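Reader: I would like to look closely at one part of a structure, namely the surface through which two chains meet. Please place that part in the setting of the whole chain as you explain it.

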Protein chains: 2
Amino acid sequence: MYFSKSFIPILKNNPTEAKIKSHQLMLRVGMIKQSSAGIYSWLPLGFKVMKKIEQIVREEQDRVGVQEILMPTIQSSEIWKESGRYDDYGEEMLRIKDRQNREMLYGPTNEELITEIFRSSIKSYKSLPQLLYHIQWKFRDELRPRFGIMRCREFYMKDAYSFDLTDEDALFSYNKFFLSYLRTFKRLNLSAIPMAADTGPIGGNLSHEFIILAETGESKIYTDKRIFDVDYSSTLIQNSSLEKLRNDYEKFYSVTDEKFNKEEFENKVLAEHRVNTKGIEVGHIFYFGDKYSRPMNASVDFDGKKEFVKMGSYGIGVSRLVGAIIEAKYNDKDEIMKWPISVSPYDCAIIPMINKNDSSNLEKSNKIFEYLKSKNIDAIIDDTDENISAKIKKFNLIGIPYQLIIGKKTEGDFFEFKEVGSETQKLKIEEIASQISKAKSN
Amino acid sequence: MYFSKSFIPILKNNPTEAKIKSHQLMLRVGMIKQSSAGIYSWLPLGFKVMKKIEQIVREEQDRVGVQEILMPTIQSSEIWKESGRYDDYGEEMLRIKDRQNREMLYGPTNEELITEIFRSSIKSYKSLPQLLYHIQWKFRDELRPRFGIMRCREFYMKDAYSFDLTDEDALFSYNKFFLSYLRTFKRLNLSAIPMAADTGPIGGNLSHEFIILAETGESKIYTDKRIFDVDYSSTLIQNSSLEKLRNDYEKFYSVTDEKFNKEEFENKVLAEHRVNTKGIEVGHIFYFGDKYSRPMNASVDFDGKKEFVKMGSYGIGVSRLVGAIIEAKYNDKDEIMKWPISVSPYDCAIIPMINKNDSSNLEKSNKIFEYLKSKNIDAIIDDTDENISAKIKKFNLIGIPYQLIIGKKTEGDFFEFKEVGSETQKLKIEEIASQISKAKSN
């Protein structure tokens with residue numbers, strides 16, 4: 001792909017309306033474009049990142065046996081009246097009347113609809129557990145949408161739901177998602193910590209937020225630094241192994257300001273282990289038993305008895321993660337972004353110095369592009385006639401983690417190659433491809 | 001995957017509310033579930049098919065150089081007032097007031113929003129052409145939604161848009177999509193024919209519908225049977241080659257009842273070539289010049305002059321195609337469905353006869369499953385205790401194109417293997433895998 005042919009509308013300066021760095025960067029490099037308050041279009045650069053995040057989220061759901069479905073965005077009010085949340089939800093719910101004057105709404109979450117699907121499909125406890133997820137647009141009519149896609153109105157979210165016969169089974173399901181979330185954020189190259197949380201409008205009595213560290217985060221975090229060393233790589237999808245994992249985390253004090261208690265923090269955490277920083281919520285899991293299944297009559301037959309199923313729900317903000325990764329990875333002082341290679345819009349930027357009347361560097365670029373392509377490495381060539389330092393500055397913002405520069409210093413088979421934020425090396429193309437491939441497979 | 005663990009809620013009988021065969025089958029085998037009038041949830045079986053169709057559509061867009069973006073579902077009324085369509089669109093547009101009392105709507109199509117994105121991003125003719133697409137949910141508030149997902153309210157669609165400097169360039173873009181659509185439907189194993197069409201509410205003066213043949217189709221078709229032999233396999237993405245392709249089609253009479261003229265049909269088509277059948281629209285492309293760019297002021301600078309860009313739009317109904325394929329492929333008299341392998345929810349059904357107290361057939365199934373998986377063949381095992389003929393009947397409906405039966409007649413290394421609709425063969429597992437792999441790679 002040539003940069004000149006791609007739809008990447010770069011702004012010269014930081015947009016003044018953006019207050020946080022993810023919002024600034026996303027507008028600046030043309031990842032998104034606002035269409036109305038809190039509603040955005042995703043342009044190719046932003047779209048590619050979001051799709052890669054979505055795919056990682058999907059693979060980690062599939063890996064623990066969750067089945068993918070897709071519920072519609074527009075729901076009937078009827079099921080929300082059954083659960084009792086129609087009136088409770090307030091003005092954040094976008095309420096709609098269709099042409100027949102039926103009360104509809106744009107789903108802000110899907111506990112009701114999934115319960116309705118379950119109750120009309122599953123009759124016997126033998127079909128349990130059922131773990132279902134979907135990745136779909138949601139709408140919450142925020143009074144003051146701000147911070148770009150971090151607090152917007154239309155957002156893309158993975159929400160999963162579990163259905164079990166007993167509390168014990170349901171806890172097993174909950175713990176599967178707990179592990180699955182840790183794996184997901186790891187693949188996004190984020191340090192995420194699970195924290196006991198309030199359940200809010202979803203309800204229930206067991207809940208964890210997953211928070212990633214970012215200096216600009218919205219939540220204050222108080223924790224024990226040893227929590228970052230908890231190792232889940234050998235955790236198995238078995239009751240005891242998952243329980244041990246939960247315990248490994250829960251033995252460390254770890255709360256957001258909501259639940260912060262200074263005395264407790266100082267009692268439980270040695271001064272040298274205390275971490276007091278900021279973070280961003282990127283996932284939230286809930287166990288709420290029969291809160292929805294009872295009023296909505298979602299039950300299974302168990303030895304002739306009717307048992308209301310025990311449910312949990314599990315959310316990851318897919319579009320929000322794009323912003324969260326920027327908040328965690330973008331050095332806005334030096335204007336240097338570096339995407340984790342797992343979600344980067346391209347693997348490598350090929351940056352030739354282009355002189356009028358001399359197409360040799362562009363030809364070299366094309367050859368390199370084809371070679372990298374043959375190694376399954378996706379590159380973009382900056383074929384514009386900007387000067388080389390302007391190009392490098394631009395790509396430092398775009399955040400593709402590797403830059404291959406074809407300029408004056410290019411000699412024979414050796415190219416200037418740089419991992420963003422590291423020193424420039426002079427390498428042969430084979431070595432460059434092998435470095436990138438190695439990073440991709442990690 | 002075990003059938004007993006999958007979320008595939010099968011109905012014993014055809015649902016009486018469904019009037020056409022795709023609607024019947026999709027409800028019967030649990031592909032979809034209605035959540036309110038004209039609004040459906042996609043359960044795992046239906047979801048898998050739709051995702052595979054989506055991916056084929058995406059690959060064929062990418063292949064002709066169209067870039068993927070994603071526009072939101074909710075739009076502001078402002079841009080529709082600019083284009084003049086806000087009042088025209090009538091009650092099919094789902095109109096919404098948000099909490100600030102702003103007039104919003106659920107996008108039924110995206111000409112306005114893409115024009116807005118274009119005009120604020122592209123300034124110079126040097127950045128042309130621009131070809132952009134997205135795959136997103138749309139809403140049309142049909143007065144009488146019916147026929148399941150064939151005429152529903154919330155539907156999934158690929159819509160693409162082209163921006164060019166001149167009519168000639170724009171025609172080149174149009175013809176790229178023309179070819180791309182033929183390739184797309186071919187990969188879905190559908191016989192699609194392009195037909196000159198009216199432009200309707202989109203506007204413009206050049207338009208083609210892509211119609212697939214299906215006896216239950218909504219449109220009558222009058223054409224020359226030689227049109228099915230037009231060969232586009234060697235067409236290149238070049239002006240002259242694409243024009244030749246257009247001519248190759250246009251020399252044959254081919255219209256829907258909208259444009260049918262008996263005399264013309266009989267004059268132009270020899271009796272022995274006449275085809276008079278029914279079809280379903282699965283794609284529609286439009287060229288409309290500056291119909292939107294002029295009122296919305298989307299122009300580029302060309303040698304100091306302001307030129308309104310020439311636009312076209314190009315739609316494929318992704319969710320609709322699921323139903324269209326069923327209409328084309330489902331033999332409802334014998335209750336036998338066969339998905340094209342390119343979009344089938346699974347490649348092969350493993351159907352063991354399961355006796356109580358004898359798990360040997362299930363163990364064989366597991367081994368076969370693992371072997372097929374190692375060959376990149378995705379299978380589902382029917383581990384239920386239904387009798388074998390009930391199982392086969394069920395899988396004839398589900399439509400997975402290959403069945404591997406492990407029953408009484410299984411001897412040694414030879415398994416009963418059947419391509420749905422063909423004779424049973426007795427084959428070794430290696431031969432079975434090789435047949436399926438061959439079909440997949442075609």
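Before we turn to that surface, what percentage of the 442 residues of chain A count as buried?

Author: The model is a predicted one. Of the 442 residues of chain A, 49% count as buried. Chain A is built from 12 helices and 21 strands. Its C-alpha atoms fill a box of roughly 80 × 60 × 40 Å along the principal axes. A compact globule with 442 residues would have a radius of gyration near 22 Å, and the 24 Å of chain A agrees with this. Among contacts in chain A with a separation of 6 or more, 73% are between residues 24 or more positions apart. The domain assignment divides chain A into domain 1 (21–329) and domain 2 (346–441), and the centres of these two domains, taken over C-alpha atoms, are 39 Å apart.

We now come to the surface between the chains. Here 38 residues of chain A are in contact with 38 residues of chain B. Several elements of chain A each supply at least two residues to this side, among them strand E1 (32–36), strand E2 (39–42), helix H2 (44–63), strand E5 (94–97), helix H5 (111–119) and strand E7 (130–139). Sorted by class, the side of chain A that touches chain B has 21 nonpolar, 10 polar and seven charged residues.

How the two chains are arranged can be stated simply. Chain A is superposed on chain B by a rotation of 180 degrees with 0.0 Å of shift along its axis, at an RMSD of 0.0 Å. The two copies are therefore related as by a two-fold rotation axis. In chain A, the C-alpha nearest this axis belongs to A:Ile96, at 2.9 Å from it. Because 100% of the interface residues of chain A are also interface residues in chain B, the copies meet through the same surface.

Two of the elements that supply this surface, H5 and E7 of chain A, also enclose a notable peptide bond. A:Pro129 is found in the loop between H5 and E7 of chain A, and the bond that joins A:Leu128 and A:Pro129 is cis, with omega about -5 degrees. In chain B, the peptide bond from B:Leu128 to B:Pro129 is cis as well, with omega near -5 degrees, and B:Pro129 lies in the loop between helix H5 (111–119) and strand E7 (130–139) of chain B.

Strand E1 and helix H2 of chain A, which also supply the surface, have a further part: they are included in what covers the buried residues of helix H1 of chain A, together with helix H9 (318–329) and helix H11 (388–398). Helix H1 (residues 21–28) is mostly covered, with eight of its eight residues buried; these include A:Leu25, A:Met26 and A:Leu27. After H1(A) comes A:Gly30, which has a positive phi near 70 degrees.

For contrast, consider a hairpin of chain B. Strand E14 (residues 299–302) and strand E15 (residues 305–308) of chain B pair in the antiparallel sense over four bridges, with B:Ser299 opposite B:Phe308. Two residues lie between the strands of this hairpin, where B:Asp303 takes a positive phi near 50 degrees although it is not a glycine. B:Asp303 counts as exposed because it has 6 C-beta neighbours inside 10 Å.

Conventions
Residues numbered from 1 in each chain as written. Chains lettered and ligands numbered in written order. Predicted model: local features only at pLDDT ≥ 70, side-chain atom pairs only at ≥ 80, totals over all residues. Contact = placed C-beta atoms within 7 Å. Nonpolar A, V, L, I, M, F, W, Y, C, P; charged D, E, K, R; others polar. Pairing = 2+ DSSP bridges. Domains from an automatic or database assignment. Buried ≥ 20, exposed ≤ 12 C-beta atoms within 10 Å, placed from the backbone. Least-squares fit on C-alpha atoms with pLDDT ≥ 70 in both. Rg over C-alpha atoms; globule rule 2.2 N^0.38 Å.
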